[in-house]
Amino acid sequence: MSNDRHGKVNGNSKDEQLEQYRVDDKDKHLTTNQGLKVSEDEFSLKAGERGPTLIEDFHFREKMTHFDHERIPERIVHARGYAAHGEFEVYESMKDYTMAKFLQDPSVKTPVFVRFSTVAGSKGSAETVRDARGFATKFYTEEGNYDLVGNNIPVFFIQDAIKFPDFVHAVKPEPHNEMPQAASAHDTFWDFVANNQESAHMVMWAMSDRAIPRSLRMMEGFGVHTFRFVNDEGKAHFVKFHWKPVLGTHSLVWDEAQKINGKDPDFHRRDLYESIENGDYPEFELGVQLIKQEDEFNFDFDVLDPTKLWPEEDVPVKIIGKMTLNRNVDNVFAETEQVAFHPGSVVPGIDFSNDPLLQGRLFSYTDTQLIRLGGPNFHELPINRPVCPFHNNQRDGYGRQTINRGQVSYHKNSLANNTPAPASPEEGGYVHYQEKVEGHKVRARSESFKDHFSQATMFWNSMSRPEKEHIIQAFSFELGKVESVDVRKQIVAMFANVSKELAAGFAEQIGLEAPEDAGSTVSKSSPALSQENTKKKPQTRKVGVIVTGGFNSEVSVILNALKEEGVQPEIISGKLGVVKGADGAEVEVDHTFLTGESVLFDSIFLAGGTEVDKKFTNETQYFVKEAFSHFKPIGAVHEGSEWLASAGIEEGAGVVTNGGDDFSRRFITAISEHRHWDREVV
Ligand code: HDE
């Protein structure tokens, strides 16, 4: 069926359900909320044309009151987010591991809603900040909603939920001056890190390129915690969830990310929205790592510790299905803002582990929705409703919509035949995994959680040379913004435990001595952690094509070749309108140099042309030099090659020139590579 979001239903059960709530106001009369047609909407009711407004003006009062109450509290974390609808399909039955119904039948498509987010920034903050990204998926299954509320980083800063308020207070803008917005580069964050050393591993990820994704479509997702799969024989496996982007995992460079925040603070949502509108549906494969219950203690990390990952080389990721995001929301507030995720929303076959971070989250999410969405009935909001029926004896509360019929609202009862009645496991009733637990009530942490550095070192060891360099630069930037020299010193000492090379690398740049002792003896690395080893594809990459009148006829051939490979050329020139080639061919200009910044493109193509003035030359040089300094692929033909040479840029390391038959192929290969780190940038 159709994917048209403008009024048509695309055929999945969630979409059909949402359709009942959609309203089109176009071509209708204006009414009050009571349905009364309004005859005038520009002038309030007054005692005389120049007199005071009358309180009996119900229309004015209703309109203003509603407006006064339009805002709800933003999420305490993950306030800045963007979402889309889609579908999930499993590749093969996971019956051996879990009885979750949506993981059984490859012919079943389960509707999903995914909200991506930054963590620290406010609702209106910029999107390409250095931060973890939320990756929260709601599966609307036949057995109820299952929420996989993950991040794009597989570990977390703390090991126990009781520290979350402290961590969030430390990373948010400082309370005395409310600065800086959406950034960890300040004293309280780094003070927290130095004094809570379990954060070491996650900080490595946060300082790496992972924290500045190129696109929400090009980042991994992780459930972070260890969960349990339970099959219909009651047998359990520990499981970690992964989302693998079909386009590979790619990042921006830091200078570029900061500039984008100014040029287009909506960069990530625009990219997601436009991709879906263009039919370039973002795809993510679902992977699981499985550890048998009886192997719980056979690893050099505790499976319950959320600051540890399971190296993919030791515990392979089994790819089990695919999610496709194919529909933008109709209304951001109604859907994206009001969606309420909760890691405790599970279905039979999926259960929790005793990870103390997860355990605390199981409390926090419902609690936060109560204030954010104003009461206990947020599950009735259209975006949050399960697609299966729900029946219980919960009643009333603000905004209740369901009209529960009948006399009985309690269990057990005889007046309604003791219904609604609990379901047996055979009937789909959820049964918690019967893990045996015993212990003293203590406020303590297991000894097995105490190694904070080995995996941080493994992460460092796994990075390529440019990735390591970026991490050193990130530490240098962030600590360069930290005013307390004492905090800086503590961080150098702390990260010397991860790697002396790392600590010495940034110590020097922040005016401190390289550490003398410490260092790490860990030599393990995990190639899967390096983005160098990710998938590389040209599809959906944006190429800024700089062209002017009188361009060579070869240009149209090259543009067609790019489009055939799924590359998206956008034309940039001195002014909007049409540019004519030497052979009379015409191209429509998409951007001038004012609106088409180099940081907004993956690659630059200098297509040439003869109608050049000084302004055009200056703008082109600035543009291409900036793209070059961000290691982007650059192509140039005809006059474009001369523009390149006059900018002082030579062929090599992702700079493709000399036209000819194989130019398009060479350029597309360079585009697929994403960035060209071998380039000497001065
Ligand atoms: Fe969250 N987190 N979190 N978190 N989290 C929230 O819930 C919390 C954690 C994550 O797009 C809040 O509705 C605690 C880890 C995402 O709507 C809140 C702890 C991971 C989102 C909350 C954590 C996440 C949230 C704020 C430590 C990755 C956005 C608003 C125990 C696995 C979901 C809200 C969306 C949102 C609490 C740690 C992911 C306050 C107490 C680890 C993706 O309930």
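## Loops with unusual backbone geometry

Let us start in the loop between helix 3 (164-171) and helix 4 (187-195), which is where Pro180 lies. The peptide bond leading from Met179 into Pro180 is cis, with omega near -10 degrees. Before going further, please keep in mind that this is a predicted model.

A cis peptide bond also joins Thr419 and Pro420, where omega is about -5 degrees. Pro420 sits in the loop between helix 9 and helix 10 (454-462). Asp27 is worth a visit too: this residue is not a glycine, yet its phi is positive, at about 65 degrees. You will find Asp27 in the loop between helix 1 (13-19) and helix 2 (58-68).

## Helix 3 against helix 4

The two helices that flank the Pro180 loop also pack against each other: the axes of helix 3 and helix 4 come within 6 Å and cross at roughly 140 degrees. Helix 3 brings Asp166, Phe167, Ala170 and Val171 to this contact, while helix 4 brings Thr188, Phe189, Asp191 and Phe192. Sorted by class, the contact of helix 3 with helix 4 has five nonpolar residues, one polar residue and two charged residues.

## The ligand shell

Now for the ligand, which is surrounded by 25 residues. The closest of these are Arg75, His78, Gly134, Ala161 and Val224. By class, the shell holds twelve nonpolar, ten polar and three charged residues.

Which elements each supply at least two residues of the shell? They are strand 2 (110-118), strand 3 (133-141), strand 4 (144-151) and helix 9 (356-372). Helix 9 gives the most, with seven residues. Pro420, mentioned above, belongs to the loop between this helix 9 and helix 10.

## Antiparallel strands 7, 8 and 9

Strand 8 (residues 283-292) is a good place to follow the pairing from one strand to the next. Strand 7 (residues 236-245) runs antiparallel to strand 8, and nine bridges join the two. In this pair, Phe241 has Val288 of strand 8 as its bridge partner.

Strand 8 also pairs with strand 9 (residues 318-328), again in the antiparallel sense, over six bridges. Here the bridge partner of Leu286 is Gly321 in strand 9. As a general reminder for looking at such strands, side chains in a regular strand alternate between the two faces of the sheet.

## Helix 11 against helix 13

Two packed helices are described by the angle between their axes and the distance between the axes. For helix 11 (residues 465-480) and helix 13 (residues 500-509), the angle is about 40 degrees and the axes are 9 Å apart. Helix 11 is therefore oblique to helix 13, and their crossing is right-handed.

From helix 11, the residues Ile471, Ile472, Phe475, Ser476 and Leu479 meet Leu502, Gly505, Phe506 and Gln509 in helix 13. This contact of helix 11 with helix 13 comprises six nonpolar residues, three polar residues and no charged ones.

## The parallel sheet and helix 15

Further along the chain, five strands form an open sheet with parallel pairing, in the order 12-11-15-16-17. Its edges are strand 12 (568-572) and strand 17 (655-656), each of which pairs on one side only. Strand 17 is joined to strand 16 (residues 634-636) in the parallel sense over two bridges, and Val655 in strand 17 is the bridge partner of Ile634.

Which strands does helix 15 (residues 614-629) lie across? They are strand 11 (542-547), strand 15 (603-608) and strand 16, and the helix runs at about 145 degrees to strand 15.

## Helix 14 against helix 17

One more helix pair rounds off the tour. The axes of helix 14 (residues 554-564) and helix 17 (residues 663-672) come within 10 Å and cross at roughly 45 degrees. These two helices, helix 14 and helix 17, are therefore oblique to each other. Is the crossing of helix 14 and helix 17 left-handed or right-handed? The crossing is right-handed.

Ile558, Ala561 and Leu562 of helix 14 make the contact with Phe663, Ser664 and Ile668 of helix 17. By class, the residues of this contact between helix 14 and helix 17 are five nonpolar, one polar and no charged.

Technical notes: Residues numbered from 1 in each chain as written. Predicted model: local features only at pLDDT ≥ 70, side-chain atom pairs only at ≥ 80, totals over all residues. Near = placed C-beta within 6 Å. Helix = DSSP H or I, 4+ residues; strand = E, 2+ residues; numbered from the N terminus. Nonpolar A, V, L, I, M, F, W, Y, C, P; charged D, E, K, R; others polar. Axes fitted to C-alpha atoms, helices over the stretch in contact; angles between N-to-C directions. Parallel < 35°, antiparallel > 145°, perpendicular 65-115°, else oblique. Left-handed = near helix turned anticlockwise from the far one by under 90°. Contact = placed C-beta atoms within 7 Å. Pairing = 2+ DSSP bridges.
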